[in-house]
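Please read this briefing with the sequence and the model open side by side. The points below are grouped by topic.

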Amino acid sequence: MSDTPFGFGLPPEEPEDGDEGKKKDPAGGGQGSGGPANPFGFGPGAGGDNPFAAMFGTMNPNDLGAAFQQLGQMLSYEGGPVNWDMAKQIARQTVSQGTPDGTKDASVGPSERAAVDEALRLADLWLDGVTSLPSGSVSTVAWSRAEWVEASLPAWQKLVDPVAERVGLAMGDVLPEEMKAMAGPLIGMMRSMGGAMFGQQIGQAVGVLAGEVVGSTDIGLPLGPAGKAALLPLNVERFGKDLSVPQDEVRLYLALREAAHQRLFAHVPWLRSHLFGAVEGYARGIKVDTSKLEDVVGQFDPSQPEQLQDALQQGMFQPEDTPEQKVALARLETALALVEGWVDAVVHEAAKARLTSADALRETMRRRRASGGPAEQTFATLIGLQLRPRRLRDASRLWASLTDARGLDGRDALWAHPDMLPTAGDLDDPDGFVHHEHADFSELDKMLGDAAKGTRTPADDEGDAGDRGDADGKSGSEGKDDTDQ
């Protein structure tokens, strides 16, 4: 994460063919001249008798115009809790700056697209023998980092908006009632600033994450369009750079993981909404540290918006220590672990006899998922949640044991209904779960579906016919008795 408040700074230089004036201007205060990196001049050395110099420092007219434009975007925003247009802009800027190792984003060439397509199709063939779930990939795609940003932002919106909404409401709630009427314009400005701050932070985190992910399902949630299996060739190459593993094997292993995720999300229709609902349920239980927010609001200076930025970076969100919140957190962590554990188990089964480096790649991925990266840590600060499965190994062992005990069909049948899945307690006692008989919910689901649609089944018709026969027989008997009497 950048140390520059709100991510404000000069727009990143274009690659080598960018504006030479920005690189060589000896007195304009651009990045290449050693001038201030913050166009708003916040921080030491920005003072002086000139109020404009105090606020904006020394910068050339182009930089000053960019600063005013960005400030205008912040104050004029009137949308939802997060300024997603700004988030996209910042994410794209972050991507264009490259990763810390100096790797720059690049368009995907025809040969890379062909290699990704071949790997994903071969991965689907290998998975056919290790899972009863059919292919979930309607199409394959090779993304650049910038294309991943564009494709994943709608999913991030679902994840972040619930928490950001709570912050926006809290900004108004911290003021006394008698002050709210008079402070209306200030509250509106603060909410606009809040939306912009979240946009800046989320955009920067998404941009950093774009330099780490290798596909559309790296964090266990479906971040891309349904049915579109994706790999990022540049990041795939970076992933295997120091592993001493042939690049083709790295690509195939990661393609197996992507294709396995796609099967799960395509053929378990309730899973996508279950995961996002678990995140939203957890977010509903998060409270804002109003004492910290009150301190920030009480000392708020519109010329120093980095105060609110610092509060976000330090974390204003605390999970409620209530039974409901603990259940929501356990539900989410268990769901993520079960998804990742199933993928880990089936991918290893498909790869172990075909890829000589399957074990090494598996361990590398497990450690990567367990530790998380800087972008995941940023999201943990912003929404109070770490999107990684803490019990991946336990879940993987449980799914493998289920395969041995019940076969592929018996194992995968557990995805038919959320109530059939293992719980957090089952991860503690996998043998007890594996050898325990579970109810079959398929008939119940069918009955409920028929009832909801208002349809009739043959059994219904037979039952009604029998009821009519009973009724007719009873009526006839009663009539006969009446006649005899």
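What follows covers the core, one helix, one loop residue and the salt bridges.

This is a predicted model, in which local features need pLDDT of at least 70 and side-chain atom pairs count only at pLDDT 80 or more, while totals for chains, interfaces and linings use all residues. Residues are numbered from 1 along each chain as its sequence is written, and side-chain values use heavy atoms, with hydrogens and water left out.

**Nonpolar core**

- The largest nonpolar core (buried Ala, Val, Leu, Ile, Met, Phe, Trp, Tyr and Cys residues joined through side-chain atoms within 4.5 Å) has 89 residues, and those with the most contacts inside it include Trp-148, Leu-254, Trp-342 and Trp-399.
- Helix 14 (residues 323-351) gives the most to this core, contributing 13 residues; helices here are DSSP runs of H or I with at least four residues, numbered from the N terminus.
- Leaving aside residues up to four places away in sequence, Trp-399 touches, among others, Leu-338, Trp-342, Arg-411, Trp-415 and Pro-422, where contact means heavy atoms within 4.5 Å.

**Helix 10**

- Of the 21 residues in helix 10, 17 are buried, where buried means under 20% relative accessible area, exposed over 50% and partly exposed in between, with a 1.4 Å probe and protein chains only.
- The 21 residues of helix 10 (residues 247-267) should span 30 Å at 1.5 Å a residue, and the end C-alpha atoms are 30 Å apart, which agrees; the expected span is 1.5 Å times one less than the number of residues.

**A loop residue**

- Ser-107 is found in the loop between helix 4 (84-97) and helix 5 (110-127), and Ser-107 is exposed because its relative accessible area is 69%.
- The C-alpha atoms of Ser-107 and Ser-144 are separated by 5.8 Å, although these residues are 37 residues apart along the chain.

**Salt bridges**

- A search of the whole structure finds 18 salt bridges, each being a side-chain nitrogen of Lys or Arg within 4 Å of a carboxyl oxygen of Asp or Glu.
- In one of them, the closest N and O atoms of Lys-88 and Glu-150 are 3.4 Å apart; Lys-88 lies in helix 4 and Glu-150 in helix 6 (residues 145-173), so the pair ties together parts that are 62 residues apart in sequence.
- Asp-117 and Arg-121 meet in a salt bridge at 3.0 Å, N to O, and they are separated by about one helical turn because they are four residues apart in helix 5.
- Arg-393 and Glu-363 meet in a salt bridge at 2.7 Å, N to O.

Methods: Helix = DSSP H or I, 4+ residues; strand = E, 2+ residues; numbered from the N terminus.
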